[in-house]
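User: Hi! I'd like to go through the labels attached to a structure and see what stands behind each of them. Could you take me through them?
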Amino acid sequence: MADTDHLSAVRDMWRREVEAAGTYRVLAQRETDTHRRDILIRLAECEDRHAAKWSGRIQLMTGH
């Protein structure tokens, strides 16, 4: 895989994690059951951590 293809794939993974975190947050805001809301918030936080890892890889690959 060419470096540009690899970078594109990593950026795509980062974007998917960010989108998933946003989706979980929207669902959490709408959830009336506190237990389910807490689970959705934890899932969003997990996706944020995943996005941060992908962001770190992007920074290593691009130098910024």
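User: Leaving out residues up to four places away in sequence, which residues does Asp48 touch?

Analyst: Happy to help, and please keep in mind that this is a predicted model. Not counting residues up to four places away in sequence, Asp48 touches Ala21 and Arg25. Asp48 itself lies in helix H2. Its C-alpha is also 6.9 Å from that of Glu17, although Asp48 and Glu17 are 31 residues apart in sequence.

User: What makes the pair of Asp48 and Arg25 a salt bridge?

Analyst: A salt bridge needs a side-chain nitrogen of Lys or Arg within 4 Å of a carboxyl oxygen of Asp or Glu. For the side chains of Asp48 and Arg25, the N to O distance is 2.3 Å, and the pair meets the cut-off. This pair links distant parts of the chain, with Asp48 in helix H2 and Arg25 in helix H1, 23 residues apart.

User: Why is Asp48 called partly exposed?

Analyst: Partly exposed is the range between buried, under 20% relative accessible area, and exposed, over 50%. Asp48 has 33% relative accessibility, so it counts as partly exposed. Its partner Arg25 is at 35%, so the label is partly exposed there too.

User: How many salt bridges does the structure hold?

Analyst: There are five salt bridges in the structure. One of them joins the side chains of Arg15 and Asp12, at 2.3 Å from N to O. Both residues lie in helix H1, three residues apart, which is about one turn of the helix. Another is formed by the side chains of Glu19 and Arg15, at 3.9 Å from N to O.

User: How do you know that Glu19 and Arg15 are separated by about one helical turn?

Analyst: The spacing tells us: Glu19 and Arg15 are four residues apart in helix H1, so about one helical turn lies between them.

User: What are the burial labels of Asp12, Arg15 and Glu19, buried or partly exposed?

Analyst: Asp12 has a relative accessible area of 17%, so it is buried by the under 20% rule. Arg15 is at 40% relative accessibility and therefore counts as partly exposed. Glu19 is at 47%, so the label is partly exposed as well.

User: Let's move on to the helices. Why is H1 called roughly antiparallel to H2?

Analyst: The axes of H1 and H2 come within 8 Å and cross at roughly 160 degrees. Angles over 145 degrees count as roughly antiparallel, so H1 is roughly antiparallel to H2. The crossing of H1 and H2 is left-handed.

User: Where does Glu31 lie, and what makes it buried?

Analyst: Glu31 lies in the loop between helix H1 (3-30) and H2. Its relative accessibility is 19%, and because the cut-off for buried is under 20%, Glu31 counts as buried. Not counting residues up to four places away in sequence, Glu31 touches Arg36, Arg37 and Leu40.

User: Why is Glu47 called buried?

Analyst: Glu47 has a relative accessible area of 13%, and under 20% means buried, so the label applies. Glu47 is found in helix H2 (residues 34-62). Leaving aside its neighbours within four places in sequence, Glu47 is in contact with Glu17, Ala20, Ala21 and Tyr24. The C-alpha atoms of Glu47 and Gly22, 25 residues apart along the chain, are separated by 9.0 Å.

User: How do you know that Glu47 has no salt bridge?

Analyst: The nearest side chain of opposite charge is Arg49, which is 9.2 Å away from Glu47. A salt bridge needs the nitrogen and oxygen within 4 Å, so Glu47 is left without one.

User: One more: what makes Leu43 partly exposed?

Analyst: Leu43 has a relative accessible area of 32%, and that value falls between the 20% and 50% cut-offs, so Leu43 is partly exposed. Leu43 has its place in helix H2. Leu43 and Ala21 are 22 residues apart in sequence, and their C-alpha atoms are 7.2 Å apart in space.

Definitions and conventions:
Residues are numbered from 1 along each chain as its sequence is written. This is a predicted model: local features need pLDDT of at least 70, side-chain atom pairs count only at pLDDT 80 or more; totals for chains, interfaces and linings use all residues. Side-chain values use heavy atoms; hydrogens and water are left out. Helices (H or I, at least four residues) and strands (E, at least two) are DSSP runs, numbered from the N terminus. Buried means under 20% relative accessible area, exposed over 50%, partly exposed in between (1.4 Å probe, protein chains only). Lys and Arg count as positive and Asp and Glu as negative; His and the chain ends are not counted. Contact means heavy atoms within 4.5 Å. Axes are lines fitted to C-alpha atoms, for helices over the stretch in contact, and angles run from 0 to 180 degrees between N-to-C directions. Angles under 35 degrees count as roughly parallel, over 145 as roughly antiparallel, 65 to 115 as roughly perpendicular and the rest as oblique. A crossing is left-handed if the near helix is turned anticlockwise from the far one by less than a right angle, and right-handed if clockwise.
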